[in-house]
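Could you walk me through this fold the way you'd chat about it over coffee? I'd like the cut-offs along with the answers.

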Amino acid sequence: MSKANGFENDLVTLAFNATLAAHLGTLSGSGNANLFVALHTADPGEAGSQTTSECAYGAYARVAVARSAGGWTISGNQVQNTAVINFPECTSGSELVTHFSIGTVTSGAGQILYKGALTASRTVSSGITLQFPATSITITED
């Protein structure tokens, strides 16, 4: 079973821009003002949380991205990051980053909403800052 296209579009608008679409009736678009992008050393899986295989190099932290048009651009059922997403510069340790996720909390075992593999794995070590350029994260709700 799949969702109708109109609902898919409304769902990404609610999730990424905190805008309540008419089709969703009485559901609330309030709540978290941000979503949080995390980095992982392996696929966190569909049952995983934001802490599953999450990076832990020195100074690592999830990055908050506003649930608004300033954080995410929506076109139909597709979402892209509007601006560059910069992770803190690594101060110690070294890890091979293979996946990212978008979740609900700044730290701890929050719910993963979307996840994906990087197009190429990246080794992060002291002095390296990992970033996602604008429009480099693309999510299609289907």
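What follows is a set of questions and answers on the strands, the cysteines and the largest pocket.

Reader: Before we start, what kind of model is this, and how are residues numbered?

Author: It's a predicted model, where local features need pLDDT of at least 70, side-chain atom pairs count only at pLDDT 80 or more, and totals for chains, interfaces and linings use all residues. Side-chain values use heavy atoms, with hydrogens and water left out, and residues are numbered from 1 along each chain as its sequence is written.

Reader: How many helices and strands does the protein have?

Author: Helices (H or I, at least four residues) and strands (E, at least two) are DSSP runs here, numbered from the N terminus. Along the sequence the pattern reads α-β-β-β-β-β-β-β-β-β. That comes to 1 helix and 9 strands.

Reader: Which strands sit at the edges of the open sheet of 4 strands?

Author: Two strands count as paired if DSSP finds at least two bridges between them. This sheet has the order 2-1-6-7, with antiparallel pairing. Strand 1 (residues 34-40), for instance, joins strand 2 over 4 bridges, and Phe 36 has Ala 64 in strand 2 as its bridge partner. Pairing on one side only marks the edge strands: strand 2 (63-66) and strand 7.

Reader: And the open sheet of 3 strands, why is one side of some strands left without a neighbour?

Author: The order is 3-4-9, again with antiparallel pairing. The edge strands each have a single partner strand, so one side of each lacks a neighbour in the sheet; they are strand 3 and strand 9 (138-140).

Reader: In the hairpin of strand 3 and strand 4, which residue takes a positive phi?

Author: Strand 3 (residues 72-75) and strand 4 (residues 78-81) run antiparallel and are joined by 4 bridges, with Ile 74 opposite Val 79. On its other pairing, strand 4 meets strand 9 over 3 bridges, where Gln 78 has Thr 140 as its bridge partner. The hairpin has 2 residues between the strands, and the phi near 65° belongs to Gly 76.

Reader: Why is there no bond from the sulfur of Cys 55 to the closest cysteine sulfur?

Author: A disulfide here is a pair of cysteine sulfur atoms within 2.5 Å, and the structure holds 0 of them. Both residues are buried (under 20% relative accessible area; exposed is over 50%, partly exposed in between, with a 1.4 Å probe and protein chains only): Cys 55 is at 5% and Cys 90 at 1%. The closest cysteine sulfur to that of Cys 55 is in Cys 90, and the distance is too far for a bond: 9.4 Å.

Reader: How much space lies in the largest pocket?

Author: On a 1 Å grid over the protein atoms alone, a pocket is an open set of points with protein on both sides within 12 Å along at least five of seven lines, whereas a cavity is a set where a 1.4 Å probe fits but cannot get out. Points are joined across faces, edges and corners, and the volume is the space filled by probe spheres set on them. For the largest pocket that gives about 230 Å³.

Reader: Which strand gives the most to its lining?

Author: Lining residues have an atom within 4 Å of a point; there are 13, and among the closest to the centre are Leu 118 and Phe 132. They divide into 8 nonpolar, 4 polar and 1 charged (Ala, Val, Leu, Ile, Met, Phe, Trp, Tyr, Cys and Pro are nonpolar, Asp, Glu, Lys and Arg charged, the others, Gly among them, polar). Strand 8 (131-132) supplies at least two residues, but the most, 5 residues, come from strand 7.
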